[in-house]
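Below is a short report on charged pairs, buried positions and open space in one protein model. The structure comes first, and the description follows.

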Amino acid sequence: MTAPYSQLFDTSVIDSSWLPVLAPVLEEHLPAIEQQLQQLPEDGFLPAAENVFAAFRVPLPEVRVLIVGQDPYPTPGHAVGRSFATAPGVKPPRSLHNIYKELSEDVGVAPREDGDLRAWESQGVMLLNRVLTVAPGEAGSHRKLGWQAITEAAIRALNRQPMVAILWGNDAKACAKFLPDVPTISSAHPSPLSARRGFFGSRPFSRANELLRDQGAPDVDWHL
């Protein structure tokens, strides 16, 4: 999947099962997004161009749990195109550190020393940011570029069962309206600014498995 969808990003990483959903919105919205990004200085956005669509490596029919993030980590070297994840060997940022703490207390899974969450993808967990790029050092800086039209189309395509959506923070919670038929687990964002206002103790991992079982689906193995 290359041009005409993108002149800037590697869209070949998108699993072919997403094409019926994404092709129309990419054709409509991606050229304008790229035009704005191409006006920035070199290395003016994160993650790297080849990773922007990494979340879509998970085939659409295999997605059982959707975890929605806001936008990529703004620290260079952190963002990898999957919400809350980092590359292997990169120390977990503070939000992910809090996720690991809740993971351990909820289902007894020991945290990784890095932020590599790809093992969850093999379990059907999709890690999708609402906005797919960010300026280095400027969280939320690309919210007006138009990414939301693309990610909304993707989220709407997941309005089916068996599915569970985990929505942390206000940006993610706003996506519940795109998933009227999907059980959702909502709480405060795991960032250090809000984690103690409802994220800690929310048990999202065990609750997701309970909701999957209610739909006749197997548990997610949350081990990393």
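In this predicted model, E121 and R82 form a salt bridge whose closest N and O atoms are 2.6 Å apart. E121 belongs to helix α3 (residues 118-121), whereas R82 sits in the loop between β1 and α2 (94-107), so the pair ties together parts that are 39 residues apart in sequence. Both partners, E121 and R82, are buried.

The count of salt bridges comes to seven, and the table sets out three of these pairs, including the one just described.

| Pair | Closest N and O atoms |
|---|---|
| E121 and R82 | 2.6 Å |
| R118 and D116 | 2.9 Å |
| E152 and R156 | 2.8 Å |

In the pair of R118 with D116, R118 is partly exposed, its relative accessible area being 44%, while D116, at 10% relative accessibility, counts as buried. In the pair of E152 with R156, the partners are four residues apart in helix α4, which means that about one helical turn separates E152 from R156. This agrees with a general rule: an α-helix has 3.6 residues a turn, so residues three or four places apart point the same way. E152 is partly exposed, with a relative accessible area of 25%, and R156 is likewise partly exposed, with a value of 43%.

Helix α4 (residues 147-156) also has buried positions, namely W147, I150, T151, A153, A154 and I155. The cover over the buried residues of α4 includes α1, β1 and β2 (125-129).

Which buried residue has no salt bridge, although D219 is its nearest side chain of opposite charge? That residue is R64, for which the side chain of D219 is 6.7 Å away; a salt bridge would need a side-chain nitrogen within 4 Å of a carboxyl oxygen, so this separation does not qualify. R64 lies in the loop between α1 (19-37) and β1 (65-69). Leaving aside residues up to four places away in sequence, R64 touches Q123, G124, P162, M163, V164, L212, P218, D219 and V220.

The remaining topic is open space. The largest pocket holds about 390 Å³ of space, and its lining consists of 25 residues, of which D71, P72, Y73, P74 and S95 lie nearest the centre of the pocket. Sorted by class, the lining of the largest pocket comprises 10 nonpolar, 11 polar and four charged residues.

Definitions and conventions. Residues are numbered from 1 along each chain as its sequence is written. This is a predicted model: local features need pLDDT of at least 70, side-chain atom pairs count only at pLDDT 80 or more; totals for chains, interfaces and linings use all residues. Side-chain values use heavy atoms; hydrogens and water are left out. Helices (H or I, at least four residues) and strands (E, at least two) are DSSP runs, numbered from the N terminus. Buried means under 20% relative accessible area, exposed over 50%, partly exposed in between (1.4 Å probe, protein chains only). Lys and Arg count as positive and Asp and Glu as negative; His and the chain ends are not counted. Contact means heavy atoms within 4.5 Å. On a 1 Å grid over the protein atoms alone, a cavity is a set of points where a 1.4 Å probe fits but cannot get out, and a pocket is an open set with protein on both sides within 12 Å along at least five of seven lines; lining residues have an atom within 4 Å of a point. Grid points are joined across faces, edges and corners, and a volume is the space filled by probe spheres set on the points. Ala, Val, Leu, Ile, Met, Phe, Trp, Tyr, Cys and Pro count as nonpolar, Asp, Glu, Lys and Arg as charged, and the others, Gly among them, as polar.
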